[in-house]
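Reader: Please show me the model, and then let us go through its bound molecules together.

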Amino acid sequence: MIIILKANTTDAQAKEVLHEIETAGLQPLHMPGVERTVLGALGDERILDALNLEKYPQVEKVKPVLSKYKLVSREIYPQDTVIQLGNTPVGSQQFALMGGPCAIESEEQLLETAQYVKSAGATVLRGGAFKPRTSPYSFQGLGVDGLKIMEQVGKETGLDTITELMDIKDLDDVANHISAIQIGARNMQNYSLLKAVGETQKPILLKRGLSATIEELLLAAEYIVATGNPNVMICERGIRTFETATRNTLDLNAVAYIKEKSHLPVIVDPSHGTGVRNLVSPMAKAGVACGADGLIIECHRRPVESVSDAAQALSPTDFSELLQQLKPFIEASGRTFKPLSAAV
Ligand code: PEP
Ligand code: MN
């Protein structure tokens with residue numbers, strides 16, 4: 001629930017209410033504002049119902065949080081959250097661009113692709129070291145060696161880095177070598193993994209599950225935030241529908257909906273969202289137009305050689321053309337685009 005305190009409430013009076021919330025075994029939230037302080041109480045609904053905080057003279061109003069997800073909801077935090085992914089702010093006026101191969105294949109492949117990604121204007125390098133492949137006979141990723149390559153390439157290019165974590169056992173390695181952690185679609189509801197990354201302060205890109213509803217996605221984000229890590233970005237990457245012409249159906253409703261309901265940044269992945277190279281650019285533009293805070297796009301120095309997701313990989317030329325074409329869309333959505341080369 002949300003507890004709005006009267007104007008002129010002192011710190012000590014706010015603490016008195018927070019103390020009662022904590023004593024009842026609930027999680028207290030303290031949100032001092034310019035005009036007035038707002039408090040929150042989260043936890044067991046039966047305990048919440050029994051609390052009678054209106055009895056305090058400093059309490060103006062007590063309101064229930066209607067959505068099932070609380071901490072990620074704008075009901076509790078109305079302002080947009082800005083997450084610092086290395087040097088890249090995500091969720092700010094500055095539009096965030098992440099690009100790179102589906103998988104890290106070798107140092108040369110990642111470095112060459114990273115240089116293209118950087119010269120096109122992206123500031124975050126993506127690439128998987130642990131790959132969740134549908135077939136056990138497909139390339140599974142370079143593992144920890146891939147993380148080391150990515151760290152090295154990140155240092156050489158100045159790009160921030162993001163990679164997928166599939167298993168809790170690799171959390172320390174990923175956290176030590178890479179700027180941000182991706183939780184892939186197939187793990188969106190792996191609650192132990194969500195809690196494990198919730199115990200870090202790393203930026204987390206939480207991808208929507210293949211058949212997950214928006215509410216399930218936001219509740220998955222809630223797990224991470226409730227465990228203690230507020231640095232969550234939500235990623236719309238397409239869902240399974242009856243449609244088979246494209247790999248997935250990019251649900252742009254979700255982008256507009258989540259931006260309205262949640263303060264967390266939203267990133268669109270038009271690569272997995274379509275699975276079709278020629279559709280990446282139009283859907284990237286559409287994602288920007290409907291309010292995404294950033295894009296994550298797969299590209300490869302030589303797409304035909306890509307060991308995974310070759311059909312959706314952009315070539316370096318496609319990637320840099322796309323970013324040129326995106327500029328008016330980014331501007332129209334009231335944001336700026338600051339390439340890394342311009343930032344340093
Ligand atoms: C990926 O980013 O390469 C990936 C496997 O994504 P998703 O989890 O969305 O399928
Ligand atoms: Mn991929």
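**The two ligand sites**

Author: The shell around ligand 1 is made up of three nonpolar, three polar and seven charged residues, where Ala, Val, Leu, Ile, Met, Phe, Trp, Tyr, Cys and Pro count as nonpolar, Asp, Glu, Lys and Arg as charged, and the others, Gly among them, as polar. This is a predicted model, in which local features need pLDDT of at least 70 and side-chain atom pairs pLDDT 80 or more, while totals for chains, interfaces and linings use all residues. Residues are numbered from 1 along each chain as written, chains are lettered from A and ligands numbered from 1 in written order, and side-chain values use heavy atoms without hydrogens or water.

Reader: Which residue has a backbone N or O atom 2.7 Å from an oxygen atom of ligand 1?

Author: Side-chain N or O atoms of Gln-182 and Lys-207 each lie 2.9 Å from an oxygen atom of ligand 1, within the 3.5 Å allowed for a polar contact between N or O atoms. The backbone atom at 2.7 Å belongs to Ala-185.

Reader: Which residues coordinate the manganese ion (ligand 2)?

Author: Donors are N, O and S atoms within 2.8 Å of the metal, and sites may look incomplete because water is not among the atoms. Along the chain the donors follow the spacing C-x169-H-x25-E-x10-D. At 2.0 to 2.4 Å, the coordinating residues are Cys-102 (SG), His-272 (NE2), Glu-298 (OE) and Asp-309 (OD).

Note on methods. Polar contact = N/O pair within 3.5 Å; in protein donor to acceptor, adjacent residues only side chain to side chain. Donors = N, O, S within 2.8 Å, 3.2 Å for Na, K, Ca; no water.
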